[in-house]
Amino acid sequence: MGSREVLGQAARLASSGLLLQVLFRLITFVLNAFILRFLSKEIVGIVNVRLTLLYSTTIFLAREAFRRACLSRGTQQDWNQTLNLLWLTIPLGVFWSLFLGWIWLHLLEVPDPNVVPHYGTGVVLFGLSAVVELLGEPFWVLAQAHMFIKLKVIAESLSIILKSILTAFLVMWLPHWGLYIFSLSQLVYTTVLVLCYVIYFTKLLSSPESTKQQTLPLSRITDLLPSITRSRAFLNWQEAKLTWSFFKQSFLKQILTEGEHYVMTFLNVLNFGDQGVYEIINNLGSLVARLIFQPIEESFYIFFAKVLEREKNAILQKQEDIAVAATVLESLLKLALLTGLTITVFGFAYSQLVLDIYGGAMLSSGTGPILLRCYCVYVLLLAINGVTECFTFAAMSKEEVDRYNFTMLALSSSFLVFSYLLTHWCGSVGFILANCFNMGIRITQSLHFIHRYYRKSPYRPLAGLHLSPALLGVFSLSAVITSISEVFLCCEQGWLARLTHIVVGAFCLGVTLGTAFLTETRLIHFLRTQLVVSRITDKMT
């Protein structure tokens, strides 16, 4: 498959993932507002921080390295060996679930059962749900590698919808169940997700006439199970070594990604109620970042991993592939920069209004607006880092991954220290400031790698971080106008003043987007040809 075909599939995967994230985040957005009116903020804090951290840590440590290694481009990939490797995620997940569950039950502070009932059951069921989800890992990787886009969208959408309906029903009719509500909903989510993949592949592999079945390296559903033959090794040891390198890296990346949650959980710098408020604002602040940047990062990591060969620099790669990769990277950097700047500029002037509408005085008073404004700056860094790291991790050799792990180790240690100190100095805002520092260092590392990678080639993808002076001027003017509007129109002057403030922001946003459309023609061309036309082509085929 050529690089441009892979690009088209990656673009369709990104846009489909974007739609999926929109559905998931909008449902979560509405659900959180609903839950706040029935349950205490302490329960919200336990679920969104403590139990979700248990689940995400187990999942991340058990499968992240396997996903990255098994989706990397191989000249002669033996899928039987790859699947054997993927099944190892289950015993690894069982180990992490038991080990972390013991820590959560016996070493961490246990909440008051009168305020947060059924904590022990919640820990057990969240750990069990992580193991259940890992049962579908071989199916997920096979689907991703062969770009089964609609399967992912349908499976995750159905799981999310069922989980949300069950949660809303139990919260409304049985609020005294406490953590039972979220534990059962989480278990239903992972079970339905895995069943969707299993049922799909079972039906697909039982239909030999299917064109999709003919593209798979398997002929029966039992071929997905672990297999031992004398003719070849049980594992591809090069793939296994790459997995180990990514595992060491994933452990550190998890600390960086969930660092503030680990500090909250293990160092008790915030009580459960404050954790709940922080997490609500954190989810609100990251809404757009997760809607847009995460599906793009996941999809284009697959693109770069398939197009670029590890252990080779830009000169030794196929020149068509390296040219397409450079063009895509430049366009993605430009898109990330523009989106992040837009969120930062307009987020500063509209944070208090958003929080007041969403959660009332509980969120819009105190440190809430400051938290959300700081998070807008963090979103800008998050956007750029997602793009640079998805290229860096796809292009690094095994030795470079190992060297990068040492940098991540130092970064992880400094992040935890900064989080603890800054939180004592300026409260929950310190978590976001520490994250900004962290993300800045990670971006610097990735930019240095990309610069070295393309240094001897004629391509300069880092030009995507340059904006025209006209566009920068419009961003600056919009920031000034919306800030003045906030001072005079928000948020104590009534709904008419609020509506006027929104109209001012909408006008400034329209001018900004229009200027971007006129000045960033290469990016507009990329979006038109890849993220729009590719979907029409997919429907026609």
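**Figure 1. Helix α6 and its surroundings in the predicted model.** Let us start with a helix that has plenty of company: nine of the nine residues of α6 are buried, so α6 is largely enclosed by the rest of the structure. The buried residues are Glu137, Pro138, Phe139, Trp140, Val141, Leu142, Ala143, Gln144 and Ala145. Just beyond the end of α6 comes methionine 147, whose phi is positive, at about 55°.

**Figure 2. Helix α3 against helix α6.** Here α6 (residues 137-145) is shown with one of its packing partners, helix α3 (residues 79-86); the two axes are 9 Å apart and make an angle of about 135°. That angle makes α3 oblique to α6, because it falls outside the ranges for parallel, antiparallel and perpendicular packing. The crossing of α3 past α6 is right-handed. On the α3 side, the contact is made by Trp79, Leu83 and Leu86, while α6 contributes Glu137, Pro138, Val141, Leu142 and Ala145. Each of these five α6 residues also appears among the buried residues of that helix.

**Figure 3. Helices α5 and α8 side by side.** For another helix pair, have a look at α5 and helix α8 (residues 179-205), which pack with their axes 9 Å apart and an angle of about 10°. The two helices are therefore roughly parallel to each other. From α5, the residues that meet α8 are Tyr119, Thr121, Gly122, Leu125, Phe126, Leu128, Ser129, Val132 and Glu133. Their counterparts in α8 are Leu179, Tyr180, Phe182, Ser183, Leu184, Gln186, Leu187, Tyr189, Thr190, Thr191, Leu193 and Val194.

**Figure 4. An aromatic cluster around Phe304.** The model holds 20 aromatic pairs. In one of them, phenylalanine 303 and phenylalanine 304 are tilted, with 5.1 Å from centre to centre and 55° between the planes. Both partners are tucked away: phenylalanine 303 is buried at a relative accessible area of 0%, and phenylalanine 304 is likewise buried at 0%. Phenylalanine 304 also pairs with phenylalanine 391, this time edge-to-face, with 5.1 Å between the centres and 85° between the planes. Since phenylalanine 304 lies in helix α13 (residues 287-307) and phenylalanine 391 in helix α16 (residues 368-395), this pair ties together parts that are 87 residues apart in sequence. Phenylalanine 391 is buried too, at 0% relative accessibility. If you widen the view, Phe300, Phe303, Phe304, Phe391, Phe449, Tyr453 and Tyr454 turn out to form one aromatic cluster.

**Figure 5. Charges over tyrosine rings.** Two tyrosines are worth a visit here. Arginine 68 lies over the face of tyrosine 301, 4.6 Å from the ring centre. At the second site, the charged end of lysine 163 sits over the ring of tyrosine 189, at 5.3 Å from its centre. Tyr189 may look familiar, as it is among the α8 residues that meet α5.

**Figure 6. Glutamate 64 in helix α2.** This view picks out a glutamate in helix α2 (residues 41-70). Glutamate 64 is buried, with a relative accessible area of 17%, because the limit for that label is under 20%. Leaving aside residues up to four places away in sequence, glutamate 64 touches Ile59 and Ser250.

**Figure 7. Isoleucine 161 and isoleucine 27.** Isoleucine 161 has its place in helix α7 (residues 149-173) and is partly exposed, with a relative accessible area of 35%. Isoleucine 27 is 134 residues away along the chain, yet the C-alpha atoms of the two isoleucines are separated by 7.9 Å.

**Figure 8. Two loop residues with positive phi.** Most residues other than glycine have a negative phi, so the next two deserve a closer look. Histidine 118 has a positive phi of about 65° and is found in the loop between α4 (89-106) and α5 (119-134). At 31% relative accessibility, histidine 118 is partly exposed. Asparagine 268, with a positive phi of about 55°, is found in the loop between α11 (259-267) and α12 (272-285). Asparagine 268 is partly exposed as well, with a relative accessible area of 40%.

Conventions. Residues are numbered from 1 along each chain as its sequence is written. This is a predicted model: local features need pLDDT of at least 70, side-chain atom pairs count only at pLDDT 80 or more; totals for chains, interfaces and linings use all residues. Side-chain values use heavy atoms; hydrogens and water are left out. Rings of Phe, Tyr and Trp (its six-membered ring) pair if their centres lie within 6.5 Å; planes under 30 degrees apart count as stacked, over 60 as edge-to-face and the rest as tilted. Buried means under 20% relative accessible area, exposed over 50%, partly exposed in between (1.4 Å probe, protein chains only). Helices (H or I, at least four residues) and strands (E, at least two) are DSSP runs, numbered from the N terminus. A charge sits over a ring if NZ of Lys or CZ of Arg is within 6 Å of the ring centre and within 35 degrees of the ring normal. Axes are lines fitted to C-alpha atoms, for helices over the stretch in contact, and angles run from 0 to 180 degrees between N-to-C directions. Angles under 35 degrees count as roughly parallel, over 145 as roughly antiparallel, 65 to 115 as roughly perpendicular and the rest as oblique. A crossing is left-handed if the near helix is turned anticlockwise from the far one by less than a right angle, and right-handed if clockwise. Contact means heavy atoms within 4.5 Å.
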